[in-house]
Amino acid sequence: MSETQQGYGSLEQQLKALENSVQTITTDPAASHWLKRAVTELWERDVVDALNDLDVLRDLLEAKHQAHVLTLKRMVMSDNGTRH
């Protein structure tokens, strides 16, 4: 068997493993409906476009998290100020 054929075998195994991962997520009763839809839809998209979308989503979620952290800090600080 040539190296090229071995490489294809490895590629086929990797693709099968990815398909199995997608199948596992989409059939997992504990996975959210949002995640299942996202995995299914992203799987059909161009990979680079999907990765760019994920970067935007991550930035948005990080900003939302920071806003929540700041809100909680403000609440704690105002709570501490009123207890004197």
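Which helix does K36 lie in? Keep that question in mind as you look through these close-up views of a predicted model.

**View 1. The whole chain, to get your bearings.** Before zooming in, take a moment with the overall fold: the chain has three helices and zero strands. Reading along the sequence gives the pattern α-α-α. The chain has 84 residues, and 7% of them count as buried.

**View 2. K36, a buried charged residue in helix α2.** Here is the reply to the opening question: K36 lies in helix α2. K36 is buried, yet this residue has no salt bridge. How far away is the nearest side chain of opposite charge? That side chain belongs to D28, and the distance is 6.4 Å. A salt bridge needs a side-chain nitrogen of Lys or Arg within 4 Å of a carboxyl oxygen of Asp or Glu, so the 6.4 Å between K36 and D28 does not qualify. Setting aside neighbours within four places in sequence, K36 touches I25, T26, D28, P29 and A31.

**View 3. R37, the next stop in helix α2.** R37 is also found in helix α2. Is R37 buried or partly exposed? With a relative accessibility of 47%, R37 counts as partly exposed. Now find T26, which is eleven residues away from R37 along the chain. The C-alpha atoms of R37 and T26 are separated by 7.9 Å. T26 may look familiar, since this residue is also among the contacts of K36.

**View 4. The salt bridge between D53 and R45.** Side chains of opposite charge can pair when their charged atoms come close. How many salt bridges does the model contain? The count comes to two, and one of them joins the side chains of D53 and R45. The distance from N to O in this pair is 2.2 Å. Both partners are partly exposed: D53 has a relative accessible area of 40%, and R45 has a relative accessibility of 33%.

**View 5. The salt bridge between E62 and R58.** In this close-up, the side chains of E62 and R58 meet in a salt bridge, with 3.0 Å from N to O. Where do these two residues sit? Both belong to helix α3, which covers residues 47-81. E62 and R58 are four residues apart, which means that about one helical turn separates them. The surroundings of the two partners can be described as well: E62 is partly exposed at 39% relative accessibility, whereas R58 is exposed, with a relative accessible area of 56%.

**View 6. The largest pocket.** About 220 Å³ of space lies in this pocket. Its lining is made of W34, L35, R37, A38, V39, E41, L42, D53, L54 and L57. You have already met R37 in View 3 and D53 in View 4, so look for them again here. Which helix gives the most to the lining? The answer is α2, with seven residues. Helix α2 spans 33-44, and both α2 and α3 supply at least two residues of the lining. Sorted by class, the lining has seven nonpolar, no polar and three charged residues.

**View 7. The second largest pocket.** This pocket has a volume of about 150 Å³. Around the space you will find L42, W43, R45, D46, V47, A50, L51 and L54. Among them, R45 is a partner in the salt bridge with D53, while L42 and L54 also line the largest pocket. Which helix supplies the largest share of this lining? Here α3 does, with four residues. Helices α2 and α3 each provide at least two residues. By class, the lining divides into six nonpolar, no polar and two charged residues.

Terms used
Residues numbered from 1 in each chain as written. Predicted model: local features only at pLDDT ≥ 70, side-chain atom pairs only at ≥ 80, totals over all residues. Heavy atoms only, no water. Buried < 20%, exposed > 50% of the residue type's maximum accessible area, 1.4 Å probe, protein only. 1 Å grid on protein atoms, 1.4 Å probe; cavity = no way out; pocket = protein on both sides within 12 Å on 5 of 7 lines; lining within 4 Å. Points joined across faces, edges and corners; volume = space filled by probe spheres on them. Lys, Arg positive; Asp, Glu negative; His and termini not counted. Contact = heavy atoms within 4.5 Å.
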